[in-house]
Amino acid sequence: MRILLLASAFNSLSQRLHAELRDRRHTVDVQLAGDDDELREKVGRLRPDLLLAPMLRTAVPQDVWSRLTCLIVHPGPPGDRGPSSLDRAIQEGRTEWGVTVLQAEAEMDAGPVWAWAPCRLPGYGKSDLYRNEVADAAVTAALLAVERFASPGYVPQRQSGPGWHGTVRTRPLLRRESRRIDWAAHPTEEVLRRLRAADSRPGVLDGLCGGEWFLHGGHREPLLRGRPGELLATRAGAVCRATSDGAVWIPELSRRTPDGRTGIKLPAVSALGDLLPPLPEAPAPLMQDDRDDRIWSDIRYREEGAVGFLRFSFPGGAMSTGHCHRLLAAYRIALARPTSVLVLGGGRDFFSNGIHLNVIEAAPDPAVESWDNITAMDELVDAVLTTTDRLVVSAIGGNAAAGGVMLALAADEVWCRGGSVLNPHYRLMGLYGSEYWTYTLPRRVGAAAAERLTRQALPVSAATAERIGLVDRVLDHGPEEFGPAAAHLAGLLAASPTTQQRIAAKKAAREADERTKPLDAYREEELAVMHRQFFTPESPYHALRSAFVHKRPVPTGPTARG
């Protein structure tokens, strides 16, 4: 079928459905919502069989849904209605939820139900859940709905009358005043639910250091205590704030703009800058039991026998210059340990999306910060590529894009979760790319496929990534089960009698490749192009980066990040 995806942003769910539908040989086009006349023109020109809206903040025009079947993916179970469904579920502490695919009609979320799928809501932020448990359920329900639409005679279930046994519950938009935190009254669990329900957008509006800020994300602190609302310490760019019965870590902040909107989201310490009072840095130990999540840290290392696990989790998958330096330092510590297999990643959300565009945009000189960031990424990738005394596995539990994909490809094996989406390209941000991609990408998929992937700049599903050789193994597990499954496989790899032979062969192959063309040559060629793109004011990169950071539409189409 010809399917038109209508979305307010080409985000993680939209990208995943785009890739999954193409895998099933549907012809898929994308239209960003916001211009109804443009939508009408595209519908008239393409004449799609079906319109599917996986992420929509505005209503579909009546003259469109009245002549074309339009299916809306709603992040709530059947009968749930309203624009803040997932936010409310998280803030209320629900643990079981669902995703419904329903037909667009005049009343919002009231149309016939074509399919639905249940999902769990473990204690993570909204954006994490949206990309993982909710996305899994959304894809299951959407693909079933598409299959049913293609089957003659299927009649969707109306949300009223005979046969409808669900409860209809319409709830209004969750507004700022209902999200606010009372630091003196709300216990830590309530604070965490409110922070997690708004972690990506809109954030929780609050007063801090004499200004108004949106707070993004939250992690429990088990030891530090203080007066409710007091800032207690910093860690890895985050700030710790006391609650009525404990404390939480807040990784990111964005300043409220004069018109009341959200400014650039940045690491909390960077956002506050000189407004931040003198606070102690409270670093978390690098080596701690990965099963003990009481101590929050964005980088941690542990071992199981001959396997080392270096996990990292940066908000939005973005890696600033500082992130890269800290991860490289941790990687070098891991290399000093007596292991034969090192697993990089293995967490449940983003692996990496490459350089940190928000930090770059907010820098005094974005060109200089771009250069510092890309060279720091290159140093990290170089360390992985030149590791010859053990096998390195990249375990991609969530999505990855641009330099984050190339970081993963530097490993000997790449494993990813079945729900992962990969964007192995840079073009939609106006960049040529670095991170040794001109070496690693053709080495894996061949020169022709590498050229096609970077030119087409389309999201790739886990199944397609395995088929073309971009990844070695797909693990069909849920977000919570992926890490343990990868750890089990890594243990088997370390115990294999062929592992030492593979390590020796790897070292010989790296030496042969170096003689053919040194890694430094790839890096110098890539960075020569990137330097021009960073330091030329007219370069498309600067306008595209600014549009991405400030959530403005881009004439060239949707970006690859989400």
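**Exercise 1. Sort the residues lining the second largest cavity by class: how many are nonpolar, polar and charged?**

Solution. Work on the predicted model shown above.
- Start with the list: the second largest cavity is lined by Ala236, Gly237, Ala238, Pro251, Glu252, Pro267, Trp296, Asp298, Pro315, His323 and His356.
- Next, apply the classes. Ala, Pro and Trp count as nonpolar, Glu and Asp as charged, and Gly goes with the polar set.
- The tally is six nonpolar, three polar and two charged.
- For scale, the volume of this second largest cavity is about 100 Å³. The whole structure holds five cavities of 30 Å³ or more.

**Exercise 2. Take tryptophan 296 from that lining and describe its aromatic pair with tryptophan 249: stacked, edge-to-face or tilted?**

Solution.
- Two numbers are needed, since a pair of aromatic rings is described by the distance of the centres and the angle of the planes.
- There are nine aromatic pairs in the count. In the one between tryptophan 249 and tryptophan 296, the centres are 5.9 Å apart and the planes make an angle of 35 degrees.
- Stacked needs under 30 degrees and edge-to-face needs over 60, so an angle in between counts as tilted. That's the label for tryptophan 249 and tryptophan 296.
- Now place the partners. Tryptophan 249 belongs to strand E14 (residues 247-250), while tryptophan 296 is in the loop between helix H9 (268-272) and strand E17 (299-304). With their positions 47 residues apart, the pair links distant parts of the chain.
- Finally, check exposure: both tryptophan 249 and tryptophan 296 are buried.

**Exercise 3. Find where proline 156 lies and decide whether it is buried or exposed.**

Solution.
- Look in the loop between helix H6 (133-150) and strand E8 (169-170); that's where proline 156 is.
- Its relative accessible area is 15%. The buried class is anything under 20%, so proline 156 is buried.
- Then list the neighbours. Skipping residues up to four places away in sequence, proline 156 touches Gln103, Pro112, Val113 and Trp114.
- One of those contacts leads on to rings: Trp114 forms an aromatic cluster with Phe149 and Tyr154.

**Exercise 4. Describe the second largest pocket: which elements give two or more residues to its lining?**

Solution.
- First the space: this pocket has about 310 Å³.
- Then the residues. It is lined by 13 of them, and Arg22, Asp23, Thr464, Arg467 and Ile468 are the closest to its centre.
- The elements giving two or more residues are helix H1 (12-23), helix H15 (447-456), strand E24 (460-461) and helix H16 (462-467). H15 has the largest share, with three residues.
- By class, the lining splits into five nonpolar, three polar and five charged residues.
- For a look at E24, pick serine 461, which lies in that strand. Serine 461 is buried, at 4% relative accessible area, and touches Ala19, Asp23 and Ser420, leaving out residues up to four places away in sequence.

**Exercise 5. Compare two lysines that sit over rings: which ring does lysine 517 lie over, and which does lysine 551?**

Solution.
- Lysine 517 is over the face of tyrosine 522, 4.2 Å from the ring centre. For lysine 551, the ring is that of phenylalanine 548, with the charged end 5.2 Å from its centre.
- On location, lysine 517 is in the loop between helix H18 (499-516) and helix H19 (519-535). Lysine 551 is in the segment after helix H20 (540-549).
- On exposure, lysine 517 has a relative accessible area of 26%, so it is partly exposed. Lysine 551, at 61%, is exposed.
- Contacts of lysine 517, setting aside neighbours within four places in sequence, are Tyr522 and Glu525.

**Exercise 6. Track down some backbone oddities: which residues does the cis peptide bond with omega of about 5 degrees join?**

Solution.
- Keep the usual pattern in mind: most residues other than glycine have a negative phi, and most peptide bonds are trans.
- The cis bond joins arginine 201 and proline 202. Proline 202 is in the loop between helix H8 (188-196) and strand E9 (204-208).
- Now positive phi. Cysteine 209 has a phi near 55 degrees and lies in the loop between E9 and strand E10 (211-216). With 27% relative accessibility, cysteine 209 is partly exposed.
- Lysine 551 turns up again here, with phi near 60 degrees.

Notes:
Residues numbered from 1 in each chain as written. Predicted model: local features only at pLDDT ≥ 70, side-chain atom pairs only at ≥ 80, totals over all residues. Heavy atoms only, no water. 1 Å grid on protein atoms, 1.4 Å probe; cavity = no way out; pocket = protein on both sides within 12 Å on 5 of 7 lines; lining within 4 Å. Points joined across faces, edges and corners; volume = space filled by probe spheres on them. Helix = DSSP H or I, 4+ residues; strand = E, 2+ residues; numbered from the N terminus. Phe/Tyr/Trp six-rings, centres within 6.5 Å; stacked < 30°, edge-to-face > 60°. Buried < 20%, exposed > 50% of the residue type's maximum accessible area, 1.4 Å probe, protein only. Lys NZ or Arg CZ within 6 Å of the ring centre and 35° of its normal. Contact = heavy atoms within 4.5 Å.
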